[in-house]
Amino acid sequence: MSSSSSIISPQTHGLELSADVPTMLFISGFPDSHNSFDKVYPHFEATHHVIVCVMPDHDKKAGTRLMGHSFPSIVAALAKAMEPAHEIGSPITLVGHDWGSYVSQRLTAAHPKLIHRLVILDVGYGFQTKSLHIVLAYQFYLAFAFLVSRIPLIGNFLGLIMLAIYPWKCIGPCPHEYNLPT
């Protein structure tokens, strides 16, 4: 695994990589970790080579870059993680969630021959003008939590506390979800 692909820390599951076995790659968003797809990917393990990825540093206790990684570097890392499957001819289904859906769309635009199918989830919050304040509050709160998480020594802990106390079930973005980030 190259250094660029290591920023997304892929984990593999399911069948061994082969030209006869389709590949399904999952990439989650903020503030998700590898367990985001734990209830989904097992349904594909018997028929697919499964790769589960997270956005850079979401699997670590501290970030490797103060303001995170650039989208082009994340797209390059994701493409690098797909190379072995693409090179042997395994059709790749890319499943992106939240910011992972944004990165998935950028990857598909930059490398259309890598992707056989694209599935994007929680792409953005569909809203009407009357709910604009909720969307903005949600986005600004999470952006602020990200910035707080970058404070040396205590930031990661404070950022996690902010994510835990956010009223996910009352405000959203998905009030129908029952498993909430804690």
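Here are some worked exercises on a predicted model of a single chain.

**Exercise 1: the overall layout**

Task: Work out how many helices and strands the chain has, and in what order they come.

Solution:
- Start with the count: there are 5 helices and 5 strands.
- Next, walk along the sequence, and the pattern reads β-β-β-α-β-α-β-α-α-α.
- Now for burial: 38% of the 182 residues count as buried.
- Finally, take the contacts with a separation of 6 or more; residues 24 or more positions apart account for 70% of them.

**Exercise 2: two helices that pack**

Task: Decide how H1 and H2 are oriented where they pack, and say which residues make the contact.

Solution:
- Get the geometry first: H1 (residues 71–88) and H2 (residues 99–110) pack at about 75 degrees, and their axes are 9 Å apart.
- Angles of 65 to 115 degrees count as roughly perpendicular, so that is the label for H1 relative to H2.
- H1 brings Phe71, Pro72, Ile74, Val75, Leu78, Ala79 and Met82 to the contact.
- H2 answers with Trp99, Tyr102, Val103, Arg106 and Leu107.
- Sort these by class and you get 11 nonpolar, no polar and 1 charged residues.

**Exercise 3: ring pairs**

Task: Find how many aromatic pairs there are, then classify Phe26 with Phe37 and Phe71 with Tyr102.

Solution:
- The count comes to 5 aromatic pairs.
- For Phe26 and Phe37, the centres are 4.7 Å apart and the planes make 40 degrees, which puts the pair in the tilted class.
- This pair links distant parts of the chain: Phe26 is in strand E2 (residues 23–27), while Phe37 is in the loop between E2 and E3, 11 residues apart.
- Check burial too: both Phe26 and Phe37 are buried.
- Now try Phe71 and Tyr102, with ring centres 4.9 Å apart and planes at 75 degrees; the cut-off for edge-to-face is over 60 degrees, so this pair is edge-to-face.
- Phe71 sits in H1 and Tyr102 in H2, 31 residues apart, so here too the pair links distant parts of the chain.
- Phe71 has 26% relative accessibility and counts as partly exposed, and Tyr102 is also partly exposed, at 34%.
- One last item: ring pairs join Phe26, Phe37 and Phe44 into a cluster.

**Exercise 4: the two sides of H4**

Task: Sort out which residues of H4 are buried and which are exposed, and how the buried ones are arranged around the axis.

Solution:
- In H4 (residues 155–165), the buried residues are Gly155, Gly159, Met162 and Leu163.
- Look down the axis: these buried residues fall within an arc of 95 degrees, so they line one face of the helix.
- Turn to the other side of H4, and there you find Phe157, Leu160 and Ile165 exposed.

**Exercise 5: surroundings of Pro56 and His97**

Task: For Pro56 and His97, give the place in the chain, the burial and the contacts that are not from sequence neighbours.

Solution:
- Pro56 belongs to the loop between strand E3 (49–53) and H1.
- Its relative accessible area is 8%; buried means under 20%, so Pro56 is buried.
- Without residues up to four places away in sequence, Pro56 touches Ile7, Ile8, His69 and Ile74.
- Pro56 and Ile8 are 48 residues apart along the chain, yet their C-alpha atoms are separated by 4.9 Å.
- His97 is part of strand E4 (residues 92–97), and at 18% relative accessible area His97 is buried.
- Leave out neighbours within four places, and His97 contacts Ile27, Ser28, Gly29, Asp32, Phe37, Leu121 and Asp122.

**Exercise 6: positive phi**

Task: Describe the phi values of Ser9 and Asp98, and say where these residues are.

Solution:
- Some background: most residues other than glycine have a negative phi.
- Ser9 is not a glycine, but has a positive phi of about 40 degrees.
- Ser9 is in the segment before strand E1 (11–14) and counts as buried at 15% relative accessibility.
- Asp98 also has a positive phi, near 60 degrees.
- Asp98 lies in the loop between E4 and H2, and at 15% relative accessibility Asp98 counts as buried.

Technical notes:
Residues numbered from 1 in each chain as written. Predicted model: local features only at pLDDT ≥ 70, side-chain atom pairs only at ≥ 80, totals over all residues. Heavy atoms only, no water. Buried < 20%, exposed > 50% of the residue type's maximum accessible area, 1.4 Å probe, protein only. Helix = DSSP H or I, 4+ residues; strand = E, 2+ residues; numbered from the N terminus. Arc of directions from axis to C-beta. Contact = heavy atoms within 4.5 Å. Axes fitted to C-alpha atoms, helices over the stretch in contact; angles between N-to-C directions. Parallel < 35°, antiparallel > 145°, perpendicular 65-115°, else oblique. Nonpolar A, V, L, I, M, F, W, Y, C, P; charged D, E, K, R; others polar. Phe/Tyr/Trp six-rings, centres within 6.5 Å; stacked < 30°, edge-to-face > 60°.
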